[in-house]
Amino acid sequence: MRSFITWATGRGLAGELAVPRTPVAAPSVFSTDEDQAEQLHRCLDDDALPLDVRTAGALTLLFGLQHTRLLELTVHDIIDDDTVVALNLNGHRLPLPPEVAQLVRALRDQRQKHWPLDQTASTTPWLFPGQEPARALGATYLYLKLRRHGIAPLASRNSARLALATDLPASVLADFTGTSISNSTRWTGYAKRDWLDYIASRAQDRP
């Protein structure tokens, strides 16, 4: 409704009407530190889990990445110089810890192995392809797949985001996780981040 009223007002079709934005509810589902650590260890060490579950789970548990963002990744978004592996998130590099880097490399290699067949139906080498190679895996399907294998996607993502927001200002958090500044600002607000020390340090770094 708000978008329509704004559009109509701009064209003189409606009077001066103000439609407030729908408030964004604060997150309420979180994992305990113990649950977060246990799920991460399973992603890193349990070879019985599917490789895409281990990889998506580890990235969610560590960095709180949204599934829609994960599923946009292609094999070309894996930056690998044989010493450091990073993800390309909206033009920003997210360096990966060694054990997570191994998972991402393995998933990339798995996708590249199947690419000679998949490219007959797709022009995009998705890192998380769906049943049809032309499309990435669906976010809902990934959510349910993680749940089925004992990974709590929403609680894990919220816990990871809150932990990062406690230590990072919104601008850095947005670059680090490839999300919007407004989303990151909300999370730093939830964590009650004190910006004074960050602003002071940035001022000292200026030439």
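The largest nonpolar core of this structure has 32 residues, and those with the most contacts inside it are Leu59, Leu65, Leu87 and Leu96. Several elements help to build this core: α2, α3 (51-63), β2, α5 (98-118) and α6 (139-148) each supply at least two of its residues. The largest share comes from α3, with seven residues. As background, nonpolar side chains in soluble globular proteins tend to be buried together. Please keep in mind as you explore that this is a predicted model.

**The chain as a whole**

Let us step back from the core for a moment. The chain has 207 residues, of which 40% count as buried. Its secondary structure consists of 10 helices and three strands. If you follow the sequence from its start, the elements appear in the pattern α-α-α-α-β-β-β-α-α-α-α-α-α.

**The sheet**

How are the three strands arranged? They form an open sheet in the order β1-β2-β3, with antiparallel pairing. Because β1 and β3 stand at the edges with a single partner strand each, one side of each is left without a neighbour in the sheet. From one strand to the next, the twist averages 35°. In general, the strands of a sheet pair through backbone hydrogen bonds, in either a parallel or an antiparallel way.

Here is where the sheet strands lie:

| Strand | Residues |
|---|---|
| β1 | residues 78-80 |
| β2 | residues 85-89 |
| β3 | residues 92-95 |

Now look at how β2 meets β3. These two strands pair in the antiparallel sense over four bridges. You can find Asn88 opposite Arg93 in β3, while Ala86 has Pro95 in β3 as its bridge partner. Together, β2 and β3 form a hairpin with two residues between them. Which residue in the turn has a positive phi? That residue is Asn90, with a phi of about 55°. Strand β2 also takes part in the core described above, supplying at least two residues to it.

**A nonpolar patch on the surface**

Some nonpolar residues of this model lie at the surface instead. Phe4, Trp7 and Leu13 make a nonpolar surface patch of about 360 Å². Where along the chain is Leu13 placed? You will find Leu13 in the loop between α1 (2-10) and α2 (33-45). Is Leu13 buried or exposed? Leu13 has a relative accessibility of 60%, so it counts as exposed, given that the cut-off for exposed is over 50%. Helix α2, at the far end of that loop, is also one of the elements that supply at least two residues to the largest nonpolar core.

Key: Residues are numbered from 1 along each chain as its sequence is written. This is a predicted model: local features need pLDDT of at least 70, side-chain atom pairs count only at pLDDT 80 or more; totals for chains, interfaces and linings use all residues. Side-chain values use heavy atoms; hydrogens and water are left out. Two strands pair if DSSP finds at least two bridges between them. Axes are lines fitted to C-alpha atoms, for helices over the stretch in contact, and angles run from 0 to 180 degrees between N-to-C directions. Patches are made of residues with over 30% relative accessible area and no salt bridge: like charges are joined within 9 Å, nonpolar side chains (Val, Leu, Ile, Met, Phe, Trp, Tyr) within 5 Å. Accessible areas come from the Shrake-Rupley method with a 1.4 Å probe; for residues, only the protein chains shown count as cover. A salt bridge is a side-chain nitrogen of Lys or Arg within 4 Å of a carboxyl oxygen of Asp or Glu. Buried means under 20% relative accessible area, exposed over 50%, partly exposed in between (1.4 Å probe, protein chains only). A nonpolar core is a set of buried Ala, Val, Leu, Ile, Met, Phe, Trp, Tyr and Cys residues joined through side-chain atoms within 4.5 Å.
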